[in-house]
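Student: Could we go through this structure together? I'd like to know how the labels people use are actually justified.
Tutor: Sure, ask me about any label and we'll check the value against the rule.

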Amino acid sequence: MTGVGKGTDADFVRRWQGQGLLTAEIAYWMPDHPSLLQQFVWQTLDEAPRFPALSRFLDHWRREVEATIHEIRIAHSALLQPAEVRLVDGIIRLH
């Protein structure tokens, strides 16, 4: 990538390449407390709409965690975006 030096933060490079902040909220039950719905919140940089990092995390969860997932809610936001510009027709000054 042109213009990226040795000291560049790896997360910044990932954001520059199109990844954004993913927040996943997972509601789950543990076998020893089946009546208690618990929540886990996890954040990482990921690529919409496929979300490969989230898929790897959920595969790990299914293999290694003895918990039943009830619901997963996700939010994703691109961290680097073009500036939003709104054109104004005129200026009104009140004194």
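Tutor: Let's begin with a term we'll need: a helix here is a DSSP run of at least four residues, numbered from the N terminus. Aspartate 59 and arginine 62 both lie in helix H2, 3 residues apart, which is about one turn of the helix. And keep in mind that this is a predicted model.

Student: What makes aspartate 59 and arginine 62 a salt bridge?
Tutor: Check the distance. The closest N and O atoms of aspartate 59 and arginine 62 are 3.3 Å apart, and the rule asks for a side-chain nitrogen of Lys or Arg within 4 Å of a carboxyl oxygen of Asp or Glu, so the pair qualifies.

Student: How many salt bridges are there by this rule?
Tutor: The count comes to 2. The other one links glutamate 25 with arginine 73, with the closest N and O atoms 2.9 Å apart. Glutamate 25 lies in strand S1 and arginine 73 in strand S3 (residues 68-78), so that pair ties together parts 48 residues apart in sequence.

Student: Why is arginine 62 called exposed, while aspartate 59 is called partly exposed?
Tutor: Exposed means over 50% relative accessible area, and buried means under 20%. Arginine 62 has 56%, so it counts as exposed. Aspartate 59 has 38%, which falls in between, so it is partly exposed.

Student: And what makes glutamate 25 and arginine 73 partly exposed?
Tutor: Try the cut-offs again. Glutamate 25 is at 21%, and buried needs under 20%, so it is partly exposed. Arginine 73 is at 48%, and exposed needs over 50%, so it is partly exposed too.

Student: How do you know that S1 pairs with S2 and with S3?
Tutor: Count bridges. Pairing needs at least two bridges between the strands. S1 and S2 have 11, and S1 and S3 are joined by 10, so both pairs pass. Glutamate 25 shows it nicely: its bridge partner in S2 is valine 41, and its partner in S3 is arginine 73. Tyrosine 28, meanwhile, has isoleucine 69 as its bridge partner in S3.

Student: What makes S2 and S3 edge strands?
Tutor: Each of them pairs on one side only. The open sheet has 3 strands in the order S2-S1-S3, with antiparallel pairing. From one strand to the next, the twist averages 15 degrees. A hairpin joins S1 to S2 through 2 residues, and H2 lies across S1, S2 and S3.

Student: Why is the set of 11 residues called a nonpolar core?
Tutor: A core residue must be buried, of a nonpolar type such as Leu or Trp, and joined to others through side-chain atoms within 4.5 Å. The largest such set has 11 residues, including Leu22, Trp42, Phe57 and Ala67. Strand S1 (20-30) and helix H2 (52-64) each supply at least two residues of it. Leaving aside neighbours within four places in sequence, tryptophan 42 is in contact with Leu22, Ala24, Leu54 and Phe57, among others.

Student: How do you know which parts the predictor is most confident about?
Tutor: Compare the mean pLDDT values. Confidence is highest in H2, at 96, and lowest in helix H1 (residues 10-16), at 72. The chain averages 82, and 72% of the residues score at least 70.

Terms used: Residues numbered from 1 in each chain as written. Predicted model: local features only at pLDDT ≥ 70, side-chain atom pairs only at ≥ 80, totals over all residues. Heavy atoms only, no water. Buried < 20%, exposed > 50% of the residue type's maximum accessible area, 1.4 Å probe, protein only. Contact = heavy atoms within 4.5 Å. pLDDT = per-residue confidence, 0-100. Axes fitted to C-alpha atoms, helices over the stretch in contact; angles between N-to-C directions.
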